[in-house]
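Thanks for making time. I will go through one model today, starting with a pair of strands and ending with how the chains are arranged.

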Amino acid sequence: MSDSPPNRVDLSRFDPGNYNPGRPFLIRSLWFLVNALFLQNPLNPSSSLKVRLLRLFGAKIGRGAVLKPSINVKSPWFLTLGDNCWIGERAWLDNLVPITLGNNVCISQGVYLCTGNHDWSDPTFGYKLGEILVEDGAWVCAGALVLPGVVVADHSIVAGGAVLTRSTLPYRVYAGNPAVEIRQRNMKSDAAPVA
Amino acid sequence: MSDSPPNRVDLSRFDPGNYNPGRPFLIRSLWFLVNALFLQNPLNPSSSLKVRLLRLFGAKIGRGAVLKPSINVKSPWFLTLGDNCWIGERAWLDNLVPITLGNNVCISQGVYLCTGNHDWSDPTFGYKLGEILVEDGAWVCAGALVLPGVVVADHSIVAGGAVLTRSTLPYRVYAGNPAVEIRQRNMKSDAAPVA
Amino acid sequence: MSDSPPNRVDLSRFDPGNYNPGRPFLIRSLWFLVNALFLQNPLNPSSSLKVRLLRLFGAKIGRGAVLKPSINVKSPWFLTLGDNCWIGERAWLDNLVPITLGNNVCISQGVYLCTGNHDWSDPTFGYKLGEILVEDGAWVCAGALVLPGVVVADHSIVAGGAVLTRSTLPYRVYAGNPAVEIRQRNMKSDAAPVA
C-alpha cells in the first residue's frame, strides 16, 4: 500500500510476481484437503493409496515407491520420483517448484526439502525459488534440511540433521550445519575380491 | 518427595515456582482445544479465523497477518504481532512467556520459537524462561530454532535450520549451529542510483 | 530383483535381514492406531492414559512419568523409562530397537531419538540399528536429534537443536551440529557451604 522507507521491508507489498503454482485454485484446494486427509494423516499407512492420489494430481512416480505415514507434499504436479524411492515418516516435500528424485533415492524421516526462499535485499520480499534434484542412489538422512536450488548428487549422502545449503559431489558424505563434505562413500562392491 | 543426593537431579521435586501461566486453568484448557482443532489442524487454511481466535484469547495482532496451517501457539495471551506478520506452516510459538513480533516479520515454515528452559544446575530443575522479541523486518527462515531470551534485531535474518542462541545485530545474517554472523543484509534500496 | 551394477544402490533389493520388530504384525498394527489416536493426537493431554496404553503394549515405565501431547513412539515393547521421566510435546522416540531412559530424564519438546540407520556401503541398503540409552538425570533439550547407538551419559546435557552423533561423558554439556562438549554441568549442590 504505502511506500516503504528505504532499507525497510514491507510485507504488505509482497507480490508473487510471475510465480506459477502450476494448477488453478480449485485443484490446489482439493489437493490441500487430500494431502491433509491422506498424506499428513498419521492413520494412513498405505503406500499405494498415497501413490495413486499423488499420480491423480499429476505426480510422476516409478515402480516400488514406499511412502510412509505423515508425509507432506505441497504440489504433486511438481513431483517426480524414479523407481524404488522411499519417503520416510514426516518427510516434507515443500515443492513450490519441481522436486525430482532419481531411482533408489531414500528421503528419511523428518527430512524437509525446501524450495521456497525470498530475496532478502528486496523491500517487497519477492520470491526466490529453487528446484531440488536428488540423483540416483542418494540418501537424505533423518531430520536433514535441504535448501532451495540444491542438487544432491548421485549416491551422495546428507547426514542426519545436516543443513545442506549447496550441491554435493557424487559418492560423498556431507554433515553439519552448514553441511560440509566429511568423507567418501565407498561401496562394498568397490572391494575387489582378493585372489 | 525424598531428598536428592548432592549433584543429582530429582524431577519429582520440580516446582514451577512463581511462574504465572497468564490465565486460569479453564481458559488454558479451552485454548488447548482451540489450538489443536483450529491452529495445529492441517485442514484449516483460514488465516482470518486463526487471527480471530488468537485475539479472542488475548493476542494482540496488527493488520495484514498471514497465518498458515498447522501452526502451534502455546499462550495467545502472551503473543503480540505487529502489522503484516507472516507465520509459516508448522511454525511453533511456544510462549510460556511473551513472544513479540514487530511489523513485517516473517517466521517461516517449521520454525520453533522456544521460551522455555530449565536451570541445569538446580537439582529440582527450576524454570528459566526467556521472552523472545523479533523486531521489524526480521526474518526467521525455515526450520530455524530460536532459544529463550533472544532478540532478533531489526531486519536481521536467521538462516534456514540455524540454531540461534544469542541476540542478533540489525541488518545482519546469521547461520549455523550455533548461529554466527555470516554477512550484512544489504537492501536493494541501499544502492543509490548512479547519476 | 535385478542385479545392481557395482557401486550402485538398488532399494528394491532391500532386506530387513534378521531384524526382529519385537511383536507380530497384528500387534504392531494395533499399536500404529493407538499411537496415532492417543499419543500423536494433539487433543490428548492425559499423561496417565498414555502411560497405561504404553504399558499395555509392553513398555516398562516407572513412577512419576510426564508425557506431553503429540509424542510419537514406534515400539512400546522396546521402551523403558525409569522414575520421573518427562517426554516433551512432539518428542519422537523412533525405537526400532530399545530406547532406555534412566531416572529423572528429561526429553524436551521436538526431540528426535533415532535408532534406525542403513549401511551406506551396502548396495541393498541393509539395516544398521543402534539402541539409545539416556542415563539418570540427563537432559536432551528442545529440538535436539540423537543418532543410533548413542549413550547420553549420567547427568549430561544435549543442548537445544544439537545433533548428537557420539556418546557423551557424565556431567558435560554438548552443543552444535555435530555436537561437541562445551562445558561442565556444575550443580548448585556442588558448592559446599562456606563455614
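Let me start in chain C, where strand β14, residues 157-158, pairs with β16(C) in the parallel sense over 2 bridges. One residue to find there is Ile157(C), whose bridge partner in β16(C) is Val173(C). Before going further, please keep in mind that this is a predicted model.

Now the other pairing of β16(C). Strand β17 of chain C, residues 179-184, is joined to β16(C) by 5 bridges, and these two strands run antiparallel. Together β16(C) and β17(C) make a hairpin, with 2 residues between them. If you want a place to look, take Gly176(C): its bridge partner in β17(C) is Ala179(C).

Why is β16(C) described as largely enclosed by the rest of the structure? Strand β16 of chain C covers residues 172-176, and 4 of its 5 residues are buried, so the rest of the structure largely encloses it. As a general point, side chains in a regular strand alternate between the two faces of the sheet.

Next, the core. The largest nonpolar core has 171 residues. Which of its members touch the most others? They are Val146 and Val158 of chain A, Val146 and Val158 of chain B, and Val146 and Val158 of chain C. Take Val146(C) as an example. Apart from neighbours within four places in sequence, Val146(C) is in contact with Leu113(C), Cys114(C), Ile132(C), Val140(C), Val152(C), Val158(C) and Leu164(C). Val158(C) is thus on that list, and Val158(C) is also one of the six valines I just named.

Now the chains against each other. In the contact between chains A and B, chain B puts in 27 residues and chain A puts in 23 residues. On the chain B side, the classes are 10 nonpolar, 14 polar and 3 charged residues.

How are the copies related? Chain B superposes on chain A by a rotation of 120° with 0.0 Å of shift along the axis, at an RMSD of 0.0 Å. The two copies are therefore related as by a three-fold rotation axis. In chain B, Asn177(B) has the C-alpha nearest that axis, 3.4 Å from it. The copies use different surfaces, and 4% of the contact residues of chain B recur in chain A.

Chain A goes onto chain C by a rotation of 120°, with 0.0 Å of shift along the axis and an RMSD of 0.0 Å. Here the C-alpha of chain A nearest the axis belongs to Asn177(A), at 3.4 Å. Again the copies use different surfaces: 4% of the contact residues of chain A recur in chain C.

That is where I will stop.

Key. Residues are numbered from 1 along each chain as its sequence is written. Chains are lettered from A and ligands numbered from 1 in the order in which they are written. This is a predicted model: local features need pLDDT of at least 70, side-chain atom pairs count only at pLDDT 80 or more; totals for chains, interfaces and linings use all residues. A nonpolar core is a set of buried Ala, Val, Leu, Ile, Met, Phe, Trp, Tyr and Cys residues joined through C-beta atoms within 7 Å. A residue is buried if 20 or more other C-beta atoms lie within 10 Å of its own, exposed if 12 or fewer, and partly exposed in between; C-beta atoms are placed from the backbone. Two residues are in contact if their C-beta atoms, placed from the backbone, lie within 7 Å. Ala, Val, Leu, Ile, Met, Phe, Trp, Tyr, Cys and Pro count as nonpolar, Asp, Glu, Lys and Arg as charged, and the others, Gly among them, as polar. Helices (H or I, at least four residues) and strands (E, at least two) are DSSP runs, numbered from the N terminus. Two strands pair if DSSP finds at least two bridges between them. Copies are superposed by least squares on the C-alpha atoms of residues with pLDDT of at least 70 in both.
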